[in-house]
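Reader: I've just opened this one and I'm not sure how to read it. Could you walk me through a few features?

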Amino acid sequence: MSSHRQETVRRLAAPDIAARKGGTPIVCLTAYTAPMAELLDEHCDLLLVGDSVGMVVHGLPNTVGVTLEMMILHGQAVMRAAKRAMVVVDMPFGSYEGSAETAYENAARVMKETGAQAVKVEAGATIVGTIEYLVKRGIPVMGHVGLRPQAVLVDGGFKAKGKAADERQRILEEAKATAEAGAFAVVVEGVAEGLAREITEAISVPTIGIGASAGCDGQILVTDDMLGLFDWTPKFVRRYGDLRGEIARAVAGYAEDVRARRFPGPAEIYFAKAG
Ligand code: KIV
């Protein structure tokens with residue numbers, strides 16, 4: 001038997017995504033669980049196991065409390081179900097900022113234990129050296145500039161970035177430095193009109209926008225937001241479904257049937273063998 005198992009479906013990887021610069025827009029969504037990853041896989045080029053899992057699934061107020069163990073567990077679930085899309089796992093707050101060596105140890109753990117194709121880091125100026133360190137040692141990295149959710153406590157909330165000229169320039173420089181450090185793509189989140197297009201034109205790798213306009217090489221949304229699971233979503237989310245209403249209707253129907261003894265009915269019970 002060959003030692004190289006042949007996968008029946010070839011999974012997209014960092015070079016495939018990087019090669020899509022300026023081409024057909026790259027379709028990305030977040031995924032945290034196996035059933036959702038299975039549903040999204042055929043439609044998406046890239047699935048992000050985002051640290052937004054802390055807020056979406058675990059009820060945390062922000063992403064600061066998310067741990068490496070949580071990311072690994074959700075990364076494993078997504079990898080078991082997604083067969084075609086590239087899977088990227090977010091490095092959580094506190095797992096990569098201290099030093100390039102610590103970042104490498106933690107990122108290598110994520111790669112080994114989940115089998116994902118890359119990690120993502122929120123790329124401030126201090127992280128650029130770490131991105132280069134990881135890429136040189138074989139770990140594909142996706143950057144993330146603009147609104148950086150892990151900086152929410154310093155910023156005092158989730159606020160759009162790049163409205164003032166100096167901040168705009170800083171974000172543009174961060175995106176350039178991130179790409180030059182070897183990131184295969186850069187998420188651009190929550191930036192003022194025009195900046196995403198400027199970044200897209202200035203860097204050689206794809207930009208993936210979220211709340212950043214259509215001037216990007218691809219788009220990403222939090223899946224649960226676009227499916228309509230929450231009663232509030234940020235301005236930049238378009239709702240493509242009404243999961244909240246659908247779940248409420250289904251659960252109300254179940255509760256009514258149980259209380260009226262209409263569930264379970266004959267079709268939903270086991271019968272003893274005749275004789
Ligand atoms: O954690 C996350 O979901 C993200 C996004 C880019 C949506 O970082």
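Reader: Let me start where two parts meet. How many residue pairs are in polar contact across the interface of domain 1 and domain 2?

Author: Keep in mind that this is a predicted model. The rule finds four residue pairs in polar contact across that interface, with both residues at pLDDT 80 or more. On the side of domain 1 that touches domain 2, the residues divide into three nonpolar, one polar and one charged.

Reader: Where do the two domains run along the chain?

Author: Domain 1 covers 14-238 and domain 2 covers 242-269. Their centres, taken over C-alpha atoms, are 38 Å apart.

Reader: And how many residues of each domain are in contact?

Author: Five residues of domain 1 touch four residues of domain 2. Together the domains bury about 410 Å², with 57% of that on carbon and sulfur atoms.

Reader: Which side chains meet in a salt bridge there?

Author: To read a salt bridge, look for a side-chain nitrogen of Lys or Arg within 4 Å of a carboxyl oxygen of Asp or Glu. Between domain 1 and domain 2 the count is one salt bridge. Asp231 and Arg244 form a salt bridge through their side chains, at 3.9 Å from N to O.

Reader: What does the count of salt bridges come to by this rule?

Author: The rule gives 17 salt bridges. One to look up is Lys120 with Asp90, whose side chains meet at 2.9 Å, N to O. That pair links distant parts of the chain, as Lys120 sits in strand S4 (residues 118-120) and Asp90 in strand S3 (residues 86-90), 30 residues apart.

Reader: Now helices. Why should helix H11 span 24 Å?

Author: First the general idea: an α-helix has 3.6 residues a turn, so residues three or four places apart point the same way. As for length, helix H11 (residues 243-259) has 17 residues at 1.5 Å a residue, so it should span 24 Å, and its end C-alpha atoms are indeed 24 Å apart.

Reader: What follows H11?

Author: Arg261 does, and its phi is positive, near 60°. The segment after H11 also holds Pro264. A cis peptide bond, with omega about -5°, joins Phe263 to Pro264.

Reader: Which residue other than glycine has a positive phi near 85°?

Author: That's Ser213. You'll find Ser213 in the loop between strand S7 (207-210) and strand S8 (218-221).

Terms used
Residues numbered from 1 in each chain as written. Predicted model: local features only at pLDDT ≥ 70, side-chain atom pairs only at ≥ 80, totals over all residues. Heavy atoms only, no water. Domains from an automatic or database assignment. Contact = heavy atoms within 4.5 Å. Buried area = accessible area lost by both parts, 1.4 Å probe. Polar contact = N/O pair within 3.5 Å; in protein donor to acceptor, adjacent residues only side chain to side chain. Nonpolar A, V, L, I, M, F, W, Y, C, P; charged D, E, K, R; others polar. Helix = DSSP H or I, 4+ residues; strand = E, 2+ residues; numbered from the N terminus. Expected span 1.5 Å × (residues − 1).
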